[in-house]
Amino acid sequence: APPPPPPTRPPSPPPPHLPSPGPPPFPPPSPPPPSPPPSPAEPPPLPPPFAPPPSVPPPSAPASPSPPPPAPPAPPPPPPPSPPSIPSPPSPPPDPPPPTSPPPSPPPPILPPSPPEAPSPPSSPPAPPSPPEPPMPPPFAPPPPSPPPAKPGGITGDPHLHFAHGGEADFRGEDGFLYAMLHHSGLAVNALFEACAFFLTSPHNLKVRGTFVTDVFIKVKTELTGRMLRVEFTPNMPPTPLIHGIDGRARRIQVGDPPLVVEDVSVSVSQRDGAEMLHVRTAGWVIDATARLIWRSATPGKKQVDLAFAPLRDPLAPNPSTHKVVAPHGLIGQSFDGDNVAVDGKKDHYRELWWRQTSFKSKEILTEAQAEGAIEGAGEDYKVADFFGTDFKYGRFDVSEAAPRDVSSLTGAKRVATSPYDWRASKAGTSGDDARPEEEEVAPPVARK
């Protein structure tokens with residue numbers, strides 16, 4: 001009976017079970033060790049795997065050509081049987097994954113850094129903010145507005161006279177009188193001056209009693225046959241413009257109508273920015289008359305006319321029919337004298353007028369300048385008796401010969417034009433008093449009392 005109990009103890013050898021589990025872990029490690037030896041051996045096998053792949057592409061390549069020639073495909077099948085032994089290397093392909101592990105390591109260091117460099121482009125966008133600095137020139141934009149009215153060759157408003165070589169002057173004239181603006185052989189351009197008040201914005205509601213060109217009358221004689229045409233442009237008294245001398249009756253042309261052509265003279269009308277423009281072209285001149293509303297006018301709806309003159313040939317060249325020189329004249333025409341000297345005459349400066357006339361106490365001033373110093377004689381010398389009149393002190397319409405004015409006799413400020421004389425660039429005209437740059441509309445200085 002006592003011996004049986006001892007044998008019962010052996011069943012407790014669970015410890016032996018522990019060793020038994022232990023051996024299993026060891027066997028797994030043992031497989032890894034074998035793997036290292038294969039891995040050293042792997043390098044040599046690696047070439048074979050690459051060799052097999054090339055072998056695989058060749059079969060595939062022949063396969064593609066095989067469709068056209070069926071006979072060749074039969075020979076290729078025999079080669080594949082020999083490779084079946086090679087399928088054993090497929091076991092190495094699993095090993096390539098380890099090589100793939102090394103490639104991942106290179107990409108992380110390089111590719112990630114390159115994206116960070118993208119922030120550098122954002123730094124370039126800050127550079128564009130520098131372009132906003134070009135807006136700095138806009139402060140110089142105000143000067144450009146002044147040139148438009150100051151363009152040589154025309155009249156505007158008070159009116160302001162703009163002469164052929166760049167000189168300027170203001171000419172008030174007299175209310176209800178006609179003045180010769182440009183007279184030349186077979187051409188007369190007359191303007192009706194009319195008093196009209198307007199208001200300045202600085203100082204607020206300062207009334208300026210000035211004058212404006214409100215109507216224009218043009219008389220022209222064709223060079224081919226000497227036919228006489230008359231054009232009237234009266235924007236405040238439509239219908240206008242009217243052309244007289246065609247079929248013994250007046251003809252009206254409107255925006256959109258084709259130009260009315262009579263020999264070497266054409267007349268047309270256009271519209272731009274709400275302003276009606278009359279264009280008269282002769283053998284030697286282009287005359288543009290632009291009707292627009294007077295800004296801040298005391299008479300609502302009142303229109304004034306700006307004039308612009310440009311020669312089509314040298315105004316001082318001998319007349320094609322008489323072979324003699326007839327220099328143009330008139331308040332504007334006389335500036336086409338070919339001397340390339342700009343002459344500035346008297347101008348109305350509102351600040352000075354306001355102080356001298358009212359000591360800054362009244363809210364009303366009166367323009368005075370009559371282009372003194374920039375024109376021959378006086379304003380009275382340029383009056384004509386009727387709309388299409390050609391007779392005045394310096395008349396040129398029917399004369400056979402006339403020399404240019406003597407600029408040395410003028411008392412205005414003189415300066416040589418900035419560019420050499422070229423009749424093609426010599427333009428002149430007028431602009432309205434209301435077109436004067438705002439910087440000239442001044443408030444009384446604080447220092448003065």
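One cavity of 30 Å³ or more turns up in this predicted model, and the volume of this largest cavity is about 30 Å³. Its lining is made up of Phe163, Ala164, His165, Gly167, Ser335, Val341, Ala342, Val343, Ala374 and Arg405. Sorted by class, that makes six nonpolar, three polar and one charged residues.

Arg405 leads us on to the salt bridges, of which there are 12. Here are three of them, with the N to O distance for each.

| Basic residue | Acidic residue | N to O distance |
|---|---|---|
| Lysine 383 | Glutamate 174 | 2.8 Å |
| Arginine 405 | Aspartate 337 | 2.9 Å |
| Arginine 356 | Glutamate 368 | 3.0 Å |

Let's take the pair of arginine 405 and aspartate 337, which meet in a salt bridge. Arginine 405 sits in the loop between E17 and strand E18 (413-416) and aspartate 337 in the loop between strand E14 (303-311) and strand E15 (341-344), so their bridge ties together parts 68 residues apart in sequence. Arginine 405 is buried at 10% relative accessible area, and aspartate 337 is buried at 7%.

Glutamate 174 and lysine 383 also form a salt bridge. Glutamate 174 belongs to the loop between strand E3 (168-170) and strand E4 (178-184), while lysine 383 is in strand E17 (residues 383-384), so this pair ties together parts 209 residues apart in sequence. Glutamate 174 is partly exposed, at 30% relative accessible area, whereas lysine 383 is buried, at 18%. Glu380 joins Glu174 and Lys383 in a network of salt bridges.

As for the wider setting, the protein chain holds 12 helices and 19 strands, and 38% of its 449 residues are buried.

Conventions:
Residues are numbered from 1 along each chain as its sequence is written. This is a predicted model: local features need pLDDT of at least 70, side-chain atom pairs count only at pLDDT 80 or more; totals for chains, interfaces and linings use all residues. Side-chain values use heavy atoms; hydrogens and water are left out. Helices (H or I, at least four residues) and strands (E, at least two) are DSSP runs, numbered from the N terminus. Buried means under 20% relative accessible area, exposed over 50%, partly exposed in between (1.4 Å probe, protein chains only). On a 1 Å grid over the protein atoms alone, a cavity is a set of points where a 1.4 Å probe fits but cannot get out, and a pocket is an open set with protein on both sides within 12 Å along at least five of seven lines; lining residues have an atom within 4 Å of a point. Grid points are joined across faces, edges and corners, and a volume is the space filled by probe spheres set on the points. Ala, Val, Leu, Ile, Met, Phe, Trp, Tyr, Cys and Pro count as nonpolar, Asp, Glu, Lys and Arg as charged, and the others, Gly among them, as polar. A salt bridge is a side-chain nitrogen of Lys or Arg within 4 Å of a carboxyl oxygen of Asp or Glu.
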